[in-house]
Amino acid sequence: MTTEKVCIIGSGNWGSAIAKIIGRNVSKHAEFSTEVNMWVYEEQVNGRRLTEIINTDHINVKYLPGIKLPENVIAVPDVKAAAANATTLVFVLPHQFIGSICKQLKGTLPPNCKAISLIKGVSVNADGISMISDLISSELDIEVSTLSGANISSEVAEENFCETTIGYRIPEHGHLFKKLFHTEYFHVNIVPDVHGVEMCGALKNVVAIAAGIVDGLKLGNNSKAAIIRIGLMEMKKFSESFLEGVAVETFFESCGVADLTTTCYGGRNRKVAEAFVTTGKPFDVLEKEMLNGQKLQGTITAKEVNEFLSARGLADDFPLFTRVYQVCYENLPAKYITHDIEFVKTPG
Ligand code: NAD
Ligand code: 13P
């Protein structure tokens with residue numbers, strides 16, 4: 001049996017919460033090497049290097065304060081050094097940084113390397129929308145599974161019960177990743193739908209912005225429920241229209257309706273969008289003021305999705321996604337977020 005050497009690429013709020021799970025699970029299962037490298041984007045915190053704080057105090061004081069990380073998780077500031085000899089890579093960083101990370105890792109990985117992406121986002125290029133898992137896969141020539149679910153990091157880090165979904169193509173990878181992530185409080189379900197799992201995670205962030213706007217406008221619970229329902233319908237329609245092989249059942253997994261619900265009530269995108277309405281400050285200012293270095297994905301994804309839809313003359317077919325884009329980027333007053341957002345069925 002080969003010993004799997006795991007490397008976590010990313011160490012933000014979610015990266016650190018998942019490092020706690022991975023650090024413990026590699027010690028439990030014989031197929032994993034017990035030491036785990038975690039690539040950390042180096043920065044100074046209270047006059048000390050973040051990597052030094054993590055390796056000495058075993059707490060990521062900036063991105064997940066108050067939570068002890070296992071001592072077998074080693075913070076490494078150089079991504080190539082962190083991933084050297086790794087056979088299993090866990091990508092967990094905001095999607096805007098994935099391109100530069102892949103460039104650094106290209107050509108350095110062993111042939112038996114595989115990966116899983118916990119990133120919630122998509123990438124737009126001249127050909128259209130591509131999935132982050134596909135981008136990693138083509139840049140690094142490795143197979144990439146996906147993990148996404150109703151997983152607000154702070155709650156996972158506190159060990160409160162929740163579920164998550166892993167999408168796989170190769171069944172052995174699905175089973176291996178289940179071993180790496182499943183715990184008694186973090187339940188993993190595996191499904192053969194890499195893109196469906198990933199697309200749910202990316203698009204729910206756009207709906208979360210709409211939910212936050214509705215909260216800022218104090219429209220109440222019924223309006224938010226309507227946003228969630230219409231959002232889910234647009235997520236499903238978008239995935240079915242532009243990706244092959246997405247299974248309808250995936251929308252009923254944790255990555256689908258459950259993540260959409262938690263994110264529209266408890267996520268950062270919701271929180272910042274609410275403040276956008278109540279303070280009138282721009283999103284980039286609020287991101288800096290409210291998130292202490294954590295990143296928003298919903299506004300960027302709304303822009304990427306809109307570019308893709310507009311280029312095909314389809315923006316009106318996804319009125320909720322379009323309204324979110326218009327409020328965030330075209331100065332549409334927030335009160336129009338619910339204007340003409342009736343779900344538009346695909347003809348035929
Ligand atoms: P985060 O928003 O907490 O942290 C930002 C991270 O980006 C930090 O680790 C920071 O060091 C790093 N960074 C800053 N500038 C950088 C640069 N120039 N290059 C590279 N890295 C840089 O991150 P997160 O919460 O761990 O999110 C990672 C992914 O996980 C996202 O796609 C997110 O949507 C998803 N996710 C987050 C949660 C959550 O509750 N936080 C839950 C599930 C999934
Ligand atoms: P936010 O990035 O909006 O906090 O969403 C967290 C999340 O993805 C929970 O599953």
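**Figure 1. Ligand 2 in the largest pocket of the predicted model.** The space taken by ligand 2 is the largest pocket of this predicted model. The residues that surround ligand 2 are Lys-120, Gly-149, Ala-150, Asn-151, Ile-152, Lys-204, Asp-259, Thr-263, Gly-267, Arg-268 and Asn-269. By class, this shell holds two nonpolar, five polar and four charged residues. Helices H10 and H11 each contribute at least two residues to the shell around ligand 2.

**Figure 2. Polar contacts of ligand 2.** Oxygen atoms of ligand 2 are shown with their polar partners on Lys-120, Asn-151 and Arg-268. For Lys-120, the partner is a polar side-chain atom, at 2.8 Å from an oxygen atom of the ligand. For Asn-151, a polar backbone atom is 3.0 Å from an oxygen atom of ligand 2. For Arg-268, a polar backbone atom is likewise involved, with a separation of 2.7 Å from a ligand oxygen atom. On its own, ligand 2 has 300 Å² of accessible area, of which the protein covers 91%.

**Figure 3. The shell around ligand 1.** Ligand 1 sits in the largest pocket. Around ligand 1 there are 24 residues, of which Asn-13, Lys-120, Ser-153, Lys-295 and Gln-297 come nearest. Lys-120 is also among the residues that surround ligand 2. Helix H1, which spans residues 13-28, provides the largest share of the shell around ligand 1, namely three residues. The shell is made up of eleven nonpolar, nine polar and four charged residues.

**Figure 4. Polar contacts of ligand 1.** A side-chain N or O atom of Ser-153 is 2.9 Å from an oxygen atom of ligand 1. A polar backbone atom of Gly-12 is 3.2 Å from an oxygen atom of the ligand. In the case of Tyr-41, a nitrogen atom of ligand 1 is the partner, at 3.5 Å from an N or O atom in the side chain. Of the 840 Å² of accessible area that ligand 1 has on its own, the protein covers 89%.

**Figure 5. Lining of the largest pocket.** The largest pocket contains about 990 Å³ of space. It is lined by 43 residues, and those closest to its centre are Asn-13, Trp-14, Pro-94, Arg-268 and Lys-295. Two of these names recur in the shell of ligand 1, where Asn-13 and Lys-295 are listed among the nearest residues; Arg-268 belongs to the surroundings of ligand 2. At least two lining residues come from each of H1, H4 (98-105), H6 (153-157), H8 (194-216), H10 (254-266), H11 (268-279) and H12 (283-291). Helix H10 gives the most, with five residues. The lining of the largest pocket comprises 15 nonpolar, 19 polar and nine charged residues.

**Figure 6. Lining of the second largest pocket.** About 310 Å³ of space lies in the second largest pocket. Its lining consists of 18 residues, and Pro-282, Phe-283, Asp-284, Thr-299 and Cys-328 are the closest to its centre. Helices H12, H13 (298-311) and H14 (319-329) each supply at least two residues of this lining. Helix H12 also supplies at least two residues of the lining of the largest pocket. The lining of the second largest pocket divides into twelve nonpolar, three polar and three charged residues.

Conventions: Residues numbered from 1 in each chain as written. Chains lettered and ligands numbered in written order. Predicted model: local features only at pLDDT ≥ 70, side-chain atom pairs only at ≥ 80, totals over all residues. Heavy atoms only, no water. Near = heavy atom within 4 Å. Polar contact = N/O pair within 3.5 Å; in protein donor to acceptor, adjacent residues only side chain to side chain. Areas by Shrake-Rupley, 256 points an atom, 1.4 Å probe, with all protein chains shown as cover. 1 Å grid on protein atoms, 1.4 Å probe; cavity = no way out; pocket = protein on both sides within 12 Å on 5 of 7 lines; lining within 4 Å. Sits in = over half its atoms within 2 Å of the grid points. Helix = DSSP H or I, 4+ residues; strand = E, 2+ residues; numbered from the N terminus. Nonpolar A, V, L, I, M, F, W, Y, C, P; charged D, E, K, R; others polar. Points joined across faces, edges and corners; volume = space filled by probe spheres on them.
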